[in-house]
Structure formats: structure tokens, C-alpha cells
Amino acid sequence: MQQKDGSCFSVIEYEPYEKNYLSKKLELPKFRRGWAIWNERQHSLKGDRDFLIIFWNPFETKVNLKIENTLGDEVDKKDFLKYFGMIAEKICKEFSKVTQAKLLKYQELMNFLSFTLTLEENEVEMPEVPLYMDALLSQDVKIQFKANDIFINGKKIFVVTLPDLPKAWKIFEQVKNISYRYVRRILLFDEKESEIELKKYCGKWCPHRKIMLEEIESGILSKLNGYCWNGFIFSVDEVEYEIFQASLSEYFQAQEFSFLFEHYNLKDVWWGSLPG
């Protein structure tokens, strides 16, 4: 799907699988700035669906006829969408080596996006000419932004940030009776960019203790590096909001999970969780 700002994304639906020492390793591209990955679980009372969203914002300049942030290939500006489709198909094929996976198309994509917005199983029909789908997806949805709250179709949006990336399956059982989105998003950097960003992030740590800082920084970078967000988005009846929040707080504390119930930054975090 191409967006109005020129960026694009594809969605892969896959079956979760347990990784062990016998599992095949996924050969993913060496991503760089301008690329992002969303991993999303959509839960309703009908069951669970898991998705991987590949996002790309192609960097262009007037003086360069080529896209500047491809994954090592030379691509003309006019061919960027074709190139992105090829990358998405390649990643889906790689996933298919370890589990069932498919790229969503047309109506499947609309259904996925509709749930991300409403947390409800409501189908928005794909138009014959697939344009202005943001308007189609939201035209029958009642969205209210108040102070530090969001209401969608009369229900209050409740967002929990989990900075420690705990094992989410422990939480799934606890919240199985309510619709939610569980989202992990990473805005990616290549190796050199990651090193620069890490130096910026840790720049004021341990002043005059270089050896200690080097020890802290060692082992942080991996194959996939970038800025990450991890958390749950719930849709809750307003009368049950405080009870649900208290129950979840008690559970997280018992499990010794670090967590943050979003209030002041709720809108920014919610917008940032949406694909694209």
C-alpha cells in the first residue's frame, strides 16, 4: 500500500512458531534508516491473528535520480514501488521457510487496517479503485480526542507501554477476554547509523569513566537495531476503565514487569502504533 507522503507498507500474516536450536534462521535484509517493522497480534473473542508489517519511506533528492535508502540496490525513483513489492515478497518467502505466511491483498488488507483502527471485527469493503482508503476506513468510525483521552465508537482507548520487552505470552492469558492489539515496532538503522545513535543516546553516561561506558555499551547492538516501542492497545468501556487499569497494574507488579500506562503521551503513542 502506498501512502500520500510516498511511503509504503506491506502486511504479512503468519502463524506463530516456537523457536529452538533446530529452527531455521531467517535471512533478513540489512535494513537502514527509513525502514521499519511492526509485529502485531490482533486479538478478539474470535481468536488471534499475527502480522508482520514492512514499512519503507524512500529518501529522494532533486539532484539524485536514484532512491538513496534502498537495501544496497540501485533503484530509479519511478521504480520504487515495484522494488518495495519485490522486497516484501522476498521477506514473506523467507518467513515461509519456518511457518505459514502470506502477503495480504485487497480486502484482506482492508480488514487488517480496520481492526487496527477500531479493535472491532467490522469489514470495510475495498473499493474497485483503491484510493483514499484512509477516508473509507474512518468515515463510519466515531473518533473523539479529549484532553488526554481517545474514544473510538464510544469505548476508551487504553495504552500500556512495556519497555522491558517481557515474554508477551504470559500476558495474553491475562487479557484474553478483551479485544486488544499487541504491537512491537522498530524504526531501523544500519550498522553505522546504529553505532552513531548509540553514542548519542549514551553520550552523557558515566562521565570520565570510559571503560565502564564501553562495558555498558558492549553487546547492545544486534542484527536488527533501532528505536523500539512495545505495548498493548485496549478498547475498554469507560465504566470499567478504572477497574481494568487497577487489575492490570496489580498483575504487572506481581510479575515484576516494568510498565507505563500512557496518559500525557497517549495520542502520540496510539498514532505511532498504527501501521504506516
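In this predicted model, the buried residues of helix 1 pack against four strands: strand 1 (8-14), strand 2 (35-44), strand 3 (47-56) and strand 4 (101-103). The buried set within helix 1 is made up of F80, Y83, F84, I87, A88, I91, C92, E94 and F95. Many of these numbers step along by three or four, as in Y83, I87 and I91. That spacing fits a simple rule: an α-helix has 3.6 residues a turn, so residues three or four places apart point the same way. The length of helix 1 checks out too. Its 16 residues (80-95) should span 22 Å at 1.5 Å a residue, and the end C-alpha atoms sit 23 Å apart, which agrees.

Helix 1 also turns up around the second largest pocket, where it gives the most to the lining, with five residues. This pocket holds about 1,200 Å³ of space. Its lining counts 35 residues, and M1, Q2, Q3, F9 and L113 are the closest to the centre. At least two lining residues each come from strand 1, helix 1, helix 2, helix 3 (133-138), strand 5 (143-146) and helix 8 (266-273). As for character, the lining splits into 24 nonpolar, seven polar and four charged residues.

Next comes the packing of the nonpolar residues. The largest nonpolar core has 31 residues, and those touching the most other members are V11, I53, F112, I157, V159, I233 and W270. Helix 2 (residues 107-118) supplies the largest share of this core, six residues. Another core, of 23 residues, lies apart from it and includes I67, L71, Y83 and F84. Looking past its neighbours within four places in sequence, V159 is in contact with W229, F232, I233, L260, F261, E262, L266 and V269.

I233 is also one of the contacts of S179, along with H43, S44, L119, F234 and S235, again leaving aside neighbours within four places in sequence. S179 lies in the loop between helix 4 (169-172) and strand 8 (180-189). Despite being in a loop, S179 counts as buried because its relative accessibility is 18%, below the 20% cut-off.

Two other loop residues have unusual backbone angles. Most residues other than glycine have a negative phi. Y106, though not a glycine, has a positive phi of about 45°, and N153, not a glycine either, has one of about 50°. Y106 is found in the loop between strand 4 and helix 2, and N153 in the loop between strand 6 (149-152) and strand 7 (155-161). With a relative accessible area of 59%, Y106 is exposed, while N153, at 28%, is partly exposed.

Definitions and conventions: Residues are numbered from 1 along each chain as its sequence is written. This is a predicted model: local features need pLDDT of at least 70, side-chain atom pairs count only at pLDDT 80 or more; totals for chains, interfaces and linings use all residues. Side-chain values use heavy atoms; hydrogens and water are left out. Buried means under 20% relative accessible area, exposed over 50%, partly exposed in between (1.4 Å probe, protein chains only). Contact means heavy atoms within 4.5 Å. A nonpolar core is a set of buried Ala, Val, Leu, Ile, Met, Phe, Trp, Tyr and Cys residues joined through side-chain atoms within 4.5 Å. The expected span of a helix is 1.5 Å times one less than its number of residues. On a 1 Å grid over the protein atoms alone, a cavity is a set of points where a 1.4 Å probe fits but cannot get out, and a pocket is an open set with protein on both sides within 12 Å along at least five of seven lines; lining residues have an atom within 4 Å of a point. Grid points are joined across faces, edges and corners, and a volume is the space filled by probe spheres set on the points. Ala, Val, Leu, Ile, Met, Phe, Trp, Tyr, Cys and Pro count as nonpolar, Asp, Glu, Lys and Arg as charged, and the others, Gly among them, as polar.
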